[in-house]
Amino acid sequence: MELKTLWYFLAIAERENITQAAHDLHITQPHLTRQLQALETELGVPLFIRDKKRLTITEEGRYFKQQVRQLFALLQKTKDQVRTLHAGLMGKLYIGAIETLSPLYVPSWIRHFQQAYPKVTYQIWTANSQDVLERLDDGLLDVALIRGTFQDDSRYGVLPLLKEGWICLFPDQGPISSCCPDQPLPLSALENQDLIVPSQRSQQIRALFQKARRDAHILCEFSPLINGIVLAEQGLGVAILPASAEASLGGHRVCVRHLAIDEPSQGCLVWRNDLRQTQIARKFIEMIQAMQSTQE
């Protein structure tokens, strides 16, 4: 299976039309058709369902498309790393981050790193903690800014960054606004409310309510962050988020109250100890470690 064949497959999968894909690739349609047939024969599964006018990608084809995309992304990252090793500290740094923490850290990190290494460029990929960590495990990221703990897992290098509390968001008016105005809001005030929670934090939030011996009525689990903010702004429920999400509320008309929860949410920088780091990644991690040590 050649890389060229995989590239042809991606072109067909994007278009779901061999004629258009052949035009994009500047090759003949019969040649592209033969390449696709040979690939399906090698895999032993159909990648497309054929009718007279178009192709429809199969479930196996969708999975193969996803994996081939990741393969080419990893190949590009590997090429960048090889160039970096040859040329010194220049090349691209691949950063993954969750939405709530990225604005707090990533711009400052890049600003400081650029002062020392102006030839470095950056690619930032934002998603939830699970997706970012999976991308790190696949070798597509150098570092990951996520929530969670990694006790007794030697695969990862971990730098704890912060432990923060929780907030809730709701429209300007309502019964919650007047409840305990001068102190953090107890979970009892949310017991009869429809709750809007991040998908990755759903089980944790349920556990917090159970510990407080309160019922949590979760109306909606959301991702990405903007969905939770807008749902709360529209009065569809009360959104519960880590406190750092407040930095992303610019322009949204919601009330913010801190919650009386004694279990903080932890954010950390993570990298793979068991994979060879590029010189850029090593220097970047060392810089962040030094920045954190001066703040302690």
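A nonpolar core is a set of buried Ala, Val, Leu, Ile, Met, Phe, Trp, Tyr and Cys residues joined through side-chain atoms within 4.5 Å, where buried means under 20% relative accessible area with a 1.4 Å probe, protein chains only. The model here is predicted, so local features need pLDDT of at least 70 and side-chain atom pairs count only at pLDDT 80 or more, while totals for chains, interfaces and linings use all residues. Residues are numbered from 1 along each chain as its sequence is written, and side-chain values use heavy atoms, leaving out hydrogens and water.

Let us start in the largest nonpolar core, which has 38 residues; Trp 109, Ile 146 and Phe 284 have the most contacts inside it. Among the elements giving it two or more residues are strand S5 (143–147) and helix H9 (279–295); helices (H or I, at least four residues) and strands (E, at least two) are DSSP runs, numbered from the N terminus. H9 supplies the largest share, seven residues.

Now look at Ile 146. Setting aside neighbours within four places in sequence, its contacts (heavy atoms within 4.5 Å) include Leu 101, Val 132, Leu 133 and Val 270. A second, separate core of 21 residues includes Leu 25, Leu 47, Phe 48 and Ile 57.

Leu 25 also leads us to a pair of helices: in H2, Leu 25 is one of the residues that meet H1, whose side of the contact includes Trp 7 and Ile 12. The residues of this contact divide into seven nonpolar, one polar and two charged. H1 (residues 3–15) passes H2 (residues 18–25) in a right-handed crossing.

Methods. Axes fitted to C-alpha atoms, helices over the stretch in contact; angles between N-to-C directions. Left-handed = near helix turned anticlockwise from the far one by under 90°. Nonpolar A, V, L, I, M, F, W, Y, C, P; charged D, E, K, R; others polar. Buried < 20%, exposed > 50% of the residue type's maximum accessible area, 1.4 Å probe, protein only.
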